[in-house]
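Here are some exercises to work through with the model open in your viewer. Try each task before you read its solution.

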Amino acid sequence: MEGAGHKIGFSALMSMLKYCYEFGVRYVTVYAFSIENFKRSPEEVQSLMDLMLEKIEEILKEQSIVNRYGVRVIFSGNLKLLSEPVRLAAERAMLATAKNSKAVLSICVAYTSTNEIMHAVQESCEEKWDEITLLNSSGAGYGLISLGGYEQDEMDHLIKLTDIEKHMYMAAAPDPDIIIRTSGETRLSNFLLWQSANCYLYSPSVLWPEIGFRQFLWAILNFQQIHFYLDKQRKQS
């Protein structure tokens, strides 16, 4: 049955979210739909959009897991690529949970990390250009646009790392401590490439629908063990 596997995977996700929130994990990010998925057959894409719409509507129900645990939901990605019903439902879910403050669930849809980085650079360039243009039009920019050297005024208007990071789709969440990639896979598949430089990648051999509490606990324990070892090394050096 088309979409049956995705529904089973969604059920596994709900269980994992429950474990996360009961263990005090405040930030959880889920890779739900890649931009690359739009290359699938139109029938499969539509089936996934329909399933996404159905599950977003479930989030809006009062007894849903996000409301039980006080979770704010953020949809991250190029949301303009989504079908209008899904995009509007995502906006409603973000608005409905905006005041929840105990935890944050970021759902990456119409997302790839390369698109996120490109978007952030474009937004940063446009913002900086507008800033310089405004200063010049008011006479306070001293001709910054035409400057050819690296005077201090020009240096002040170069794009900085913080400019790019604030325009990332994932700006609302800190960099991850752990990424769980099932099926024994170690590729990140264009997911959080910018944010994952220092995180722990856990790759259990089980398929996603089979993941459970044992794998979740093992990821936490391994992460803690690695941090204990690194802290010990730092203290000895």
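**Exercise 1. A salt bridge in a helix**

Which residue's side chain meets that of Asp-231 in a salt bridge, and what is the N to O distance? Then place the pair in the fold and sort both partners by accessibility.

Solution. Keep in mind that this is a predicted model.

- Step 1: the partner is Arg-234, with N and O 2.3 Å apart.
- Step 2: both residues belong to helix H8, which covers residues 213-236. They sit 3 residues apart, about one turn of the helix.
- Step 3: Asp-231 has 32% relative accessibility, so it goes down as partly exposed.
- Step 4: Arg-234 comes in at 52%, and since the exposed class starts over 50%, Arg-234 counts as exposed.

**Exercise 2. From one bridge to a network**

Find the salt bridge between Lys-55 and Glu-54, then see which other residue joins the network.

Solution.

- Step 1: the Lys-55 and Glu-54 side chains meet at 3.4 Å, N to O.
- Step 2: add Glu-58, and you have the network of salt bridges that links Glu-54, Lys-55 and Glu-58.
- Step 3: check the accessibility of the first two. Lys-55 has a relative accessible area of 13%, so it is buried. Glu-54, at 34%, is partly exposed.
- Step 4: for another bridge, go to Arg-187 and Glu-185, whose closest N and O atoms are 3.2 Å apart. Glu-185 is partly exposed because its relative accessibility is 23%.
- Step 5: over the whole structure, the search turns up 11 salt bridges.

**Exercise 3. Does the length of H2 add up?**

Work out what span helix H2 should have, and compare it with the distance between its end C-alpha atoms.

Solution.

- Step 1: H2 runs over residues 42-59, which makes 18 residues.
- Step 2: the expected span is 1.5 Å times one less than the number of residues, so H2 should span 26 Å.
- Step 3: the end C-alpha atoms lie 26 Å apart, which agrees.
- Step 4: now pick out the buried residues of H2. Among them are Val-45, Leu-48, Met-52, Ile-56 and Ile-59, and also the polar-bridge partner from the last exercise, Lys-55.

**Exercise 4. Mapping the cores**

How many residues does the largest nonpolar core have, and which have the most contacts inside it?

Solution.

- Step 1: the largest core has 37 residues, and Tyr-21, Ile-56, Phe-75, Leu-105 and Val-109 have the most contacts inside it.
- Step 2: list the elements that give two or more residues to this core: helix H1 (4-22), strand S1 (27-34), H2, helix H3 (65-68), S2, H4, strand S3 (103-111) and H8.
- Step 3: H1 gives the most, with 7 residues.
- Step 4: zoom in on Phe-75. Leaving out residues up to four places away in sequence, Phe-75 touches Ile-56, Ala-90, Ala-93, Met-94, Ile-107 and Val-109.
- Step 5: there is also a second, separate core of 7 residues, including Cys-108, Tyr-111, Met-170 and Leu-192.

**Exercise 5. Aromatic pairs**

Describe the geometry of the pair formed by Tyr-19 and Phe-216, then do the same for Tyr-111 and Phe-191.

Solution.

- Step 1: start with the total, which is 12 aromatic pairs.
- Step 2: Tyr-19 and Phe-216 are 5.9 Å centre to centre with 40 degrees between the planes, a tilted pair.
- Step 3: this pair links distant parts of the chain, Tyr-19 in helix H1 and Phe-216 in helix H8, 197 residues apart.
- Step 4: Tyr-19 is partly exposed because its relative accessibility is 21%, while Phe-216 is buried at 4%.
- Step 5: Tyr-111 and Phe-191 are edge-to-face, at 6.2 Å between centres and 75 degrees between planes.
- Step 6: Tyr-111 is in strand S3, and Phe-191 is in the loop between strand S4 (178-180) and strand S5 (200-202), 80 residues apart.
- Step 7: both count as buried, Tyr-111 at 0% and Phe-191 at 9%.
- Step 8: Tyr-19 and Phe-216 also belong to one aromatic cluster with Phe-23 and Phe-213.

Conventions: Residues numbered from 1 in each chain as written. Predicted model: local features only at pLDDT ≥ 70, side-chain atom pairs only at ≥ 80, totals over all residues. Heavy atoms only, no water. Salt bridge = Lys/Arg side-chain N within 4 Å of Asp/Glu carboxyl O. Buried < 20%, exposed > 50% of the residue type's maximum accessible area, 1.4 Å probe, protein only. Helix = DSSP H or I, 4+ residues; strand = E, 2+ residues; numbered from the N terminus. Core = buried A, V, L, I, M, F, W, Y, C linked by side-chain atoms within 4.5 Å. Contact = heavy atoms within 4.5 Å. Phe/Tyr/Trp six-rings, centres within 6.5 Å; stacked < 30°, edge-to-face > 60°.
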